[in-house]
Structure formats: C-alpha cells, structure tokens
There are 2 protein chains.
Amino acid sequence: MQTVRKDIHNSEVPVLCQSCEARHQGICGALSAEQLVTLSKQSRRVHRSEGEELLGDAMPITGYANVLRGVVKLTKVLEDGRQQVVGLQFAPDLLGRPFAQESRVSVETASDVDLCMIPKPALEAMMRDSGALEHRVMMQALRELDEARDWMVTLGRKTAGEKVASFLYLIATHIDPSEDEAITTFDLPLSRADIADFLGLTIETVSRQISKLKADKVIEIANYRHVTVRDLAQLRLRCG
Amino acid sequence: MQTVRKDIHNSEVPVLCQSCEARHQGICGALSAEQLVTLSKQSRRVHRSEGEELLGDAMPITGYANVLRGVVKLTKVLEDGRQQVVGLQFAPDLLGRPFAQESRVSVETASDVDLCMIPKPALEAMMRDSGALEHRVMMQALRELDEARDWMVTLGRKTAGEKVASFLYLIATHIDPSEDEAITTFDLPLSRADIADFLGLTIETVSRQISKLKADKVIEIANYRHVTVRDLAQLRLRCG
DNA sequence: CGCGCCTTTGACAGCGCTCAATAGGTGTGG
DNA sequence: CCACACCTATTGAGCGCTGTCAAAGGCGCG
C-alpha cells in the first residue's frame, strides 16, 4: 500500500495551482496545500495583452500578482517625459512592492502575459502567518536588488555596444525559466523603444548596435523580433 | 510610584546599545531587551578609517554590521577596471547581503565610520526566531531596492548637470539621519573620484558641473569638501 | 493595394571623455 | 615660518560617441 503525503497529494492542491510554475519556483512553493487552498480561493488567473498598464506610478496598490508567462516591465518617468525601465519581471516573479501603500513605478506588460492576481490583504495576512512565505518574498526582493545593482553598472559604465550585448545576453539567459542555460534562439519580448528605455539609449543607437552585431555575425535577426545567437561566447565577451 | 516597562528599562539594555541609533530607527528596534542582550554579547563596536575595504567582491560573508556613523560605499568593477558605486549606506543601515554566502559587491568606507559588527550566525539565528527582526531587515532591503531603482533613472536618463545636482540633493537629504529635512551645509563624504563612480561620469565632468553650480550661485564650496547649499529649490529643480 | 507603424540608415551636432597643464591644500623638513 | 613635494581638484583643448533630426525601408492590416 502506498503512503500518501498530504502536502503533495494533488487532490488537495487547487485546480488553479496544479500546473502552475509559481507553486514550484515561485512564492507559492512556501505554502502548504491547505494554505494554497485558502489563497487560491481569493486569487484569479487573468490574461493581459502587450502594452497594457497594470498599475500606474503613485497609484494605490490593491494587490500582488504572480507572473505565469510573459514579461512585465517596471518603468519610471521624469517630468519632461524621459523614461527608464528599472526592472523586468519574468515567470515566476511576484509583482507588487511588498507592504507599500502606493506604487513607486509604473507596471506595464512588455509582451502578452498570464498573471495570477492575489489581493493585497490576502497575501499580507498569509505572510504574517507564515514566516516561510515572507522569507521567500524577501529572497525575491534581495534577488531583485542584486539584479538592479548589476544593471547600475551597465547603465553607468558600459558603452552602447556593451549595453546592447548585455541586454541580449540577459534575455537569452532569462527568457525561459525552465532552462538553466542560455537559449540561443528566442523572440525579443521588448520593442526597440523598450530596449532603449531599459539601456538608457535612443532607439536609433539600439538599432545601430544590433545591426553591428548582425554584420559581425554574432547574431541573426528575422522579422525584427526573432533572434538567433550565432556566437554566444562572443556576445558574452562584448558585455564588457 | 512610577511604572517601569521592562522593555525600555535602561538597566536591562546593554551598555553598548544604550545610546545607539540602530536601536531606534535601525534593525535593533525590532528586538526586545532580552534579545538585545543576547545579540550585544556577540557584537562589537569598531572604528574604520576612510578608504578601508571592509569586504571584497566574491569574498565569503562572515558577518553583518550596523553603520553607526559615516558613509559606506558598495562598488562593482568591470574586468578592465571601470568602476561603479551601486549603493551608499548611512547610519543606521545594516551592512551585509542577508543570507548570501559570498559578497556580490566590494564594501569600502567612504569616510571614517563606526560600525557594530554582528556575526552572521548570530543575526541569522535571531532572524529565524524573530519574525519582527526578519521583517525589519526585509523592509530595509525593499528600501534599498527603491533607492537603486531611483538611481537607475539618474544613471540612464539624466545629463551630467542633473546627475551632480541629484547627488548633492541626495547627500543634503541623507547625510544626517536625525534630520527629516534637507540640511543646507555639510561636508561631502565622498571624493570627486567616488562621486564620479557613483554618477557614471569622470572626475573632470563632476568638477566642471560643481564649478557651474558654484558660478550660478546655487552652492558654495570651501576646501573642496565643505558645501553650503545657497538655493535648495534651484538645486532640486536641476535634478531633472 | 495603400496606409500606418516600427525599424533601419544617414548626416550632423553636441555632450561628455581623453589628455594635458595648472591651481590649491596638506604635510614634511629645513 | 617658509620652501617644497605630493595629492586632489580645477580648468582647458580637442575629439569621439551617442543623440537629434530626417528620410527611407519593411511588415502587418484593412
């Protein structure tokens, strides 16, 4: 006769969560089946198309959301309109600045995305109950801090060529959360304008640098968006 | 007869901690007198002079430290020597990337500093016991993340003049943790080289922009380091 | 097929970097 | 007390990278 461990028995895991990535690598991995049921009752999956604003800067935060598929960008804008992308969120990241009353960034979809929306009180109550959950949220915040600091070096000290190479390398290593290694062919989840705002450049400079990488046979590009990395080592080298 | 609340009765607070800023605004504010005693037994106050390296990049982390006075800079270096300051820590910030095995930044004193060193196992054990402590550490990490993202806008989208104004404004509002408002006269805690590495500029450009602010009567400078802000509104305006 | 949007490419200008010389402040020794 | 050295900061000249402005090319969609 087979032993059944309660916490992984699928009949106790909400249908919504059964094939969900956030339950493994994401924050829901810190929850028991029981907690998962409680949380899933208040959550709902939604789809958002490319270019939608999920939350504006200085808007009150009403909830959190797990990214299940796609890419979400966090941006800040200066008064005169200059824009900077300050973060990219991939599955299974949690969206939403924990414990903040209002957003300090604008949150927009960079591609089509699937989200699992969680009301703010629901997740925060569960964080108070479960140290393990709060710990996992903290670990994500710390990882985001590491990534932000890595990117500050790129923004402050790299040339345009190095910035574009760094961006392509980042996407190659982050686009598919299930892969540990970099993948060498993928669709860019960002427009040239978004890439420029992420790198602190203009679209023209981004375009020129991409063309140079193409001319140097480091990458190939079809239909503006579909990238094949022909020489990953060379791309890595050009990151500075 | 006076009521004595145990948790604030000074005779129970370790001597080391009695006049310590970290006990109020810093992470130690989350601790009971009893926990404070436990932690203080394993901690020690130390002084470090300007320009000392506290921890190298990729070095194993042996402990945490509260900044009690002075400024500490976190830097990253590219292989060819280009350097970027990715964070500044003022009192009563906690130094040390929580739960990391090794450092991802180089930690150096930017000025003379006083620190309260805490062994890694001691603080982490107490975080496991005290959700309130872990929560406070998390809140600091989230604040640092907010600050890093603010700075990404400065690095990616501001002109040299705006960068220097932003730096001076940051120092005016952060140098003295006891002041809520910006203070208008202070000593720069960073050399021109450090400022340049923080702003992603060269020392020459930093110098030129400071001279311009001086010529425009926005600030005055004595002895290279002592700054008086003559027109704070104008300085704010020039931050972009 | 024609229109609109995104991207690419080109010409030119300007901001910030590089290289170099000068100025100012600090510390030491005569 | 001053002369000198050393270090940091300032100032200047020239150039190159990246931004600006403009036009053309490519893809999707009606």
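Biologist: How many residue pairs are in polar contact across the interface of chain B and chain A?

Modeller: This is a predicted model, in which local features need pLDDT of at least 70, side-chain atom pairs count only at pLDDT 80 or more, and totals for chains, interfaces and linings use all residues. Residues are numbered from 1 along each chain as written, chains are lettered from A in the order written, and side-chain values use heavy atoms, without hydrogens and water. A polar contact is a pair of N or O atoms within 3.5 Å; within protein, one must be able to donate a hydrogen and the other to accept it, and residues adjacent in sequence count only if both atoms are side-chain atoms. With both residues at pLDDT 80 or more, the number of such pairs across the interface of chain B and chain A is 22.

Biologist: Which element gives the most to the side of chain B that touches chain A?

Modeller: Helices (H or I, at least four residues) and strands (E, at least two) are DSSP runs, numbered from the N terminus. Strands E4 (71-77) and E5 (83-90) and helices H4 (131-157) and H6 (192-199) of chain B each give two or more residues to this side. The most, 21 residues, come from H4(B).

Biologist: Which residue of chain B has an N or O side-chain atom 3.1 Å from a base nitrogen of DNA strand C?

Modeller: Of the atoms of DNA strand C within 4 Å of the protein, 71% belong to sugar or phosphate and the rest to bases. A phosphate oxygen is 2.8 Å from a polar backbone atom of B:Ala160. The base nitrogen is instead paired with the side chain of B:Glu204.

Notes:
A residue is near a molecule or strand if one of its heavy atoms lies within 4 Å of it.
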